[in-house]
Amino acid sequence: MTARSNDHPLKVDGLTKRYGNRTVIDNLTFTVEPGKVTGFLGPNGSGKSTTMKVLLDLASADHGTTTIGGRRYRDLPNPASTVGVVLEPNAFHPGRTGRDHLCIIAQATGQPRRRVDESLSIAGLDPDAAKRRVGTYSLGMKQRLSLAAALLGDPPVLVLDEPANGLDPQGIRDLRDLLRARAANGDTVLVSSHLLTEVQHLVDDVIVIADGRLVTTGTIDELTGKSAHVRTPCPARLAELLLAAGATAQQTAGDRLVVTGLDLDKIGDTAHRGGLAIHELAPNAGSLEDVFLALTAQPSQKGN
Amino acid sequence: MNSTDLLRSELRKLTTTRMPLSFLAVLTVLAAINGTAVAIGTDMDGSKTFISTAADQISLFAFAGNALMIAGLFGAIAAAREFGHNTVIATYLAAPRRSKALLAQMTAIGLGGAVLGLAGAGLTIGAVAISLPMTNYGFLASLGEVAQVLVASSFAGAAGAILGGGIGNVIRNTGGAVTAAVVTLIIAPPLIIQLASGTASWVPSALALVVSGVADTTGVVSAILAIASWAAVPALLALWSIHRQDIV
């Protein structure tokens, strides 16, 4: 596969979105680069889906801008051929066949009919199953149909909200291979997911948000390298000291803490100054989940 | 995407579910009731004077009022279910210029309503025509009168569907949209007439009789414009709503 020229970075700049008095996205800024798979992570209700909806002009921003290749979604010459989208897990009429669903989208976006079959094949949905009404589909089959719809226009940008939800292990592997191939081809891929173990194997970069605010961005290696695993007989006291030193500490089990925001030397120094014993201090490589939980912990949880 | 592609896509949406067949089934039942009434029904005095003249028979054929109401429900369901099933997302991803997408949808719904109106009138005329030989009366309506009934019913169906479609896009909930369509087309008009008797000629059912050639309480052109206005108000509200509110 030859990498195609892709000038479609996704940019979110100072985005704020309110529903009534509730601010669901608060001055959010990040960039998603082409040629990579970027994970968009955050707890439920953190604003991931809303950010995607604003990016795709399905919802309006109260402040800030979102662009795809420097243009708003609505200003793209052929948006559906530029951006493939999986947004809602169940955006189908249950009485319509999967094939008809794709034909309707292909018709609206000016795609040739052959793309329907090609997309079904790429998404791994059996042609016979595509002739059945969507109401009879499993969640995994619906996800594959959503993915087929997103790929109809062979777009250089993919924006996928929880695309692995409901997929079986083979489906998850297929999805992973597909997205990695698209990124290797130079495509821009933004994936939100709560399946952190999957994300860890899939993405190059990570954007973490909580309460509508940006928490951190970086590569997976940077992110996991930012945290440390600490074992101490006094986890609560050490967490207080680390919190005072500007770190975030999350007690994960018994005498264990995941610490972010301080390097290993400073964690050791802080414990030493507090007169606390440390039984283990190591970079927390390999657990995106621990880092994610530490980064997105509610204020009341921080320092536990 | 262009407007023709969008329109064809919207028409495909309407024809790939069972909803149109359900409405055709309702129209068939209504026609069968009319045919049965002609075959075995009588006036209070036991006679069949209700089919004894061409004007009487045209009154039976005149389906425009029913077409307005039935197509109104069709339009309300067709538009509101797009939000209920979230299929509206694909629509506005394909056409982020929202007025273009809405225009395609309303055109498709209007065409669907016109077909329902035409089918309703055609089935009714057919059922009555089949039943008349069982009576002492023949088919008395002229070709021109039948044509006017068919055209009027198609027009009323289109207008009703656009009215319902506008309501569906504003309410965005199938149950709520159907309720609002029923209130607008069935419940509110008699109440409006009670409050202001001068409006009696301008409610949808009265206007439908005029365009069908059954009544002459207003001119036909005025009635056409008035029916179009009934449809235009919800359609314009939908246009405002679709621009003002988030899609999802």
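**Figure 1. Chain A of the predicted model, in overview.** Of the 304 residues in chain A, 54% are buried. The model shown here and in the other figures is predicted, not determined by experiment. Chain A holds 12 helices and 13 strands. Its C-alpha trace spans about 70 × 40 × 40 Å along the principal axes. The radius of gyration of chain A is 22 Å, which agrees with the value near 19 Å for a compact globule of 304 residues. Among the contacts in chain A with a separation of 6 or more, 69% are accounted for by residues 24 or more positions apart.

**Figure 2. The surface and charges of chain A.** About 12,800 Å² of chain A is exposed, and carbon and sulfur atoms supply 47% of that area. The chain carries 33 positive and 34 negative side chains. The centres of these two sets of charges in chain A lie 5 Å apart.

**Figure 3. Close-up of N27(A), a residue in a strand of chain A.** N27(A) sits in strand β2, which covers residues 22-32 of chain A. Its phi is positive, about 50°, although N27(A) is not a glycine.

**Figure 4. Close-up of E162(A), a residue in a loop of chain A**. The loop that holds E162(A) runs between β6 (157-161) and α7 (169-184). E162(A) is not a glycine, yet has a positive phi of about 50°. Is E162(A) buried or exposed? Its relative accessibility is 15%, so E162(A) counts as buried, the cut-off being under 20%.

**Figure 5. Chain B, in overview.** Chain B has 10 helices and 0 strands, and along the sequence its pattern reads α-α-α-α-α-α-α-α-α-α. Its radius of gyration is 19 Å, close to the 18 Å that the globule rule gives for 248 residues, so chain B is as compact as a globular protein of that length. The C-alpha atoms of chain B fill a box of roughly 60 × 40 × 30 Å along the principal axes. Of its 248 residues, 49% count as buried. Residues 24 or more positions apart make up 78% of the contacts in chain B that have a separation of 6 or more.

**Figure 6. The surface and charges of chain B.** The exposed area of chain B is about 10,600 Å², with 69% of it supplied by carbon and sulfur atoms. Chain B has 11 positive side chains and 9 negative ones. In chain B the centres of the two sets lie 21 Å apart.

**Figure 7. The interface between chain A and chain B.** How many residues of each chain are in contact with the other? On one side there are 34 residues of chain A, and on the other 25 residues of chain B. About 2,600 Å² is buried between the two chains, and carbon and sulfur atoms give 55% of this area. In chain A, the residues that lose the most area to chain B are L58(A), R96(A) and Q107(A). Together these three account for 25% of what the chain A side buries.

**Figure 8. Close-up of A39(B), in helix α2 of chain B**. Helix α2 comprises residues 19-40. A39(B) counts as buried because its relative accessibility is 18%, and the cut-off is under 20%. Leaving aside neighbours within four places in sequence, A39(B) is in contact with K48(B), S131(B) and M134(B). One of these, S131(B), is 92 residues away from A39(B) along the chain, while the C-alpha atoms of the two are separated by 5.1 Å.

**Figure 9. Close-up of V170(B), in helix α7 of chain B**. Helix α7 covers residues 143-171. With a relative accessible area of 34%, V170(B) is partly exposed. Which residues does V170(B) contact, leaving aside its neighbours within four places in sequence? They are P234(B), L237(B), A238(B) and S241(B). From V170(B) to D216(B) the separation is 46 residues in sequence and 34 Å in space, C-alpha to C-alpha.

**Figure 10. Close-up of A223(B), in helix α10 of chain B**. Helix α10 consists of residues 220-244. A223(B) is buried, and its relative accessible area is 0%. Not counting residues up to four places away in sequence, A223(B) touches L207(B), V210(B), V211(B) and T218(B). W202(B) is 21 residues from A223(B) in sequence, and their C-alpha atoms are 7.6 Å apart in space.

Notes. Residues are numbered from 1 along each chain as its sequence is written. Chains are lettered from A and ligands numbered from 1 in the order in which they are written. This is a predicted model: local features need pLDDT of at least 70, side-chain atom pairs count only at pLDDT 80 or more; totals for chains, interfaces and linings use all residues. Side-chain values use heavy atoms; hydrogens and water are left out. Helices (H or I, at least four residues) and strands (E, at least two) are DSSP runs, numbered from the N terminus. The radius of gyration is taken over C-alpha atoms; the globule rule is 2.2 Å times the number of residues to the power 0.38. Buried means under 20% relative accessible area, exposed over 50%, partly exposed in between (1.4 Å probe, protein chains only). Contact means heavy atoms within 4.5 Å. Accessible areas come from the Shrake-Rupley method with a 1.4 Å probe; for residues, only the protein chains shown count as cover. Lys and Arg count as positive and Asp and Glu as negative; His and the chain ends are not counted. The place of a charge is taken as NZ of Lys, CZ of Arg, CG of Asp or CD of Glu. Buried area is the accessible area (1.4 Å probe) that two parts lose on being put together, summed over both.
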